[in-house]
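Colleague: Got a minute to look at the ligand site with me? I'd like to go through the contacts and then the empty space.
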Amino acid sequence: GKGEYDHFMLKEIHEQPTSLAQAIEGRIDPENGRIALDGFEPGAFEEIESVQLIACGTSYHAALYGSLALNQAGVESTALLANEYSVAAPPVDEDTLVIAVTQSGETADTLNALRQAKSEGADTLTVTNVVGSTAAREADDALFIRAGPEIGVAATKTFSSQAVMLTLLAQRIADDAAGEPAADLEALLPDLATMPEQIEGILTDSDAEWIASRYQDSRSYFFIGRGLGYPVALEGALKFKEITYEHAEGFASGELKHGPLALVTPETPVFAIFTGEEDEKTLKNAEEAQTRGAPVVAVCPEDHRAVEVADAHLEIPETDPDLAGLLANVQLQLVSYYAADLLDRPIDKPRNLAKSVTVE
Ligand code: F6R
């Protein structure tokens, strides 16, 4: 049941400290500074030359997060929409790892892309929440995110766990490909270990409800981020439109000036995500929107320069840039939830949507 919560979505947002601890458990070893994945011996990924991640919807945003983390770790990788894969898949061979990212393991588009990649000779792996799902049975290997069942149609805790699982996997692939510890995990591993606590802190003391009510009469909601903040901006917008039925869009911060700025008015709040990846540029992009009258809500640490510039802010604790976007995402989940609640939407079952999409 929902227990003390009004909706499964809110319950699942609040489960993230636990579900993330479960995703990480036994997989990081801060003592020797390495990543251990059940079923994958050291060097298991050494032959891999490039990685394609395939997924839909929120899982695509997690896949993009993982792909950017791989690129940042020096591994060639692309995230692809599974429903586009059959018409325009990049070539694969036996040194290509194709990762199907799917919470349910039953999404038809993703299964089709997985089958296609497999038949063309790629090595396949699925990152999924459901043991015994079709994806888990059909892919060569599976990594389970261990998030527990998710009832709300809008994916929340499974997104965080997918992104964390892919962050770990990215570092492992980079290490194996280099044949030695390549990734700099000294900073990342302790921050990963404290992330569940940090999320607990956000959940017990967030201004998201107040922010949702302050901007509830807006015309459209924009989310911007750079680097790993970009998939989080896309996810922030998808969650917002899914459950509030209001218009929302996510953009790469630097793209705002290439077109979307034409839409910016005092009625379009801009949520700007700061991950520590060229934040000064993102701040400039946010200020360009502010100059056109848009209120800017900075999602960043308390002592960040963006706090002085922005009209409002949502605080996240200091952490590694590999993880900061996931803390920001929790604040954005809460904003969407409270915005939808103010509008009295059926949060757990938005109109026209299903939890598992088994048609093409
Ligand atoms: C959005 C949402 C969907 C799913 C998508 C893929 O909140 O839940 O966008 O992410 O339908 O589903 P899975 O991960 O089961 O393949």
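Modeller: Sure. Keep in mind that this is a predicted model. Start with A155: one of its backbone N or O atoms lies 2.9 Å from an oxygen atom of the ligand.

Colleague: And how much of the ligand does the protein cover?

Modeller: The ligand on its own has 410 Å² of accessible area, and the protein covers 89% of that.

Colleague: Which residues come nearest to the ligand?

Modeller: S59, T102, Q103, S104 and T107. They belong to a set of 13 residues around the ligand.

Colleague: What does S59 do there, in terms of distance?

Modeller: An N or O atom in the S59 side chain is 2.5 Å from a ligand oxygen. Q103 uses its backbone instead: a polar backbone atom sits 2.7 Å from an oxygen atom of the ligand.

Colleague: What's the mix of residue classes in that shell?

Modeller: The shell has 7 polar residues, 4 nonpolar and 2 charged.

Colleague: Which element gives the most to it?

Modeller: α3, with 3 residues.

Colleague: Now the space itself. Where does the ligand sit among the pockets?

Modeller: The ligand takes up space that is the largest pocket. Two elements give two or more residues to the ligand shell: α3 (57-72) and α10 (229-244).

Colleague: What volume does the largest pocket have?

Modeller: About 670 Å³. Its lining counts 31 residues, and C56, G57, T58, A354 and V357 are the closest to the pocket centre.

Colleague: Which elements supply at least two residues of that lining?

Modeller: α3, β5 (96-102), α5 (108-119), α7 (157-178) and α10.

Colleague: And which one gives the most to the pocket lining?

Modeller: α10, with 4 residues. For the ligand shell, the answer was α3.

Colleague: How does the pocket lining split by class?

Modeller: There are 13 polar residues, 11 nonpolar and 7 charged.

Colleague: Changing topic to closed space. How many cavities of 30 Å³ or more are there?

Modeller: The count is 2. The largest cavity holds about 40 Å³ of space.

Colleague: What lines the largest cavity?

Modeller: A212, Q216, Y221, F240, E246, A339 and L343. By class, that lining has 5 nonpolar residues, 1 polar and 1 charged.

Colleague: And the second largest cavity, what volume?

Modeller: Also about 40 Å³.

Colleague: Which residues line that one?

Modeller: I211, A212, Y215, Q216, Y221, F240, F271, V335 and A339. A212, Q216, Y221, F240 and A339 also appear in the lining of the largest cavity.

Colleague: How many charged residues line the second largest cavity?

Modeller: None are charged. The lining has 8 nonpolar residues and 1 polar.

Colleague: Which helices are behind it?

Modeller: α9 (208-214) and α13 (321-342) each supply at least two residues of the lining of the second largest cavity.

Colleague: Back to the ligand for a recap. Which contacts should I pull up on screen?

Modeller: Show the S59 side chain at 2.5 Å from a ligand oxygen. Add the Q103 backbone at 2.7 Å and the A155 backbone at 2.9 Å.

Notes. Residues numbered from 1 in each chain as written. Predicted model: local features only at pLDDT ≥ 70, side-chain atom pairs only at ≥ 80, totals over all residues. Heavy atoms only, no water. Near = heavy atom within 4 Å. Polar contact = N/O pair within 3.5 Å; in protein donor to acceptor, adjacent residues only side chain to side chain. Areas by Shrake-Rupley, 256 points an atom, 1.4 Å probe, with all protein chains shown as cover. 1 Å grid on protein atoms, 1.4 Å probe; cavity = no way out; pocket = protein on both sides within 12 Å on 5 of 7 lines; lining within 4 Å. Sits in = over half its atoms within 2 Å of the grid points. Nonpolar A, V, L, I, M, F, W, Y, C, P; charged D, E, K, R; others polar. Points joined across faces, edges and corners; volume = space filled by probe spheres on them.
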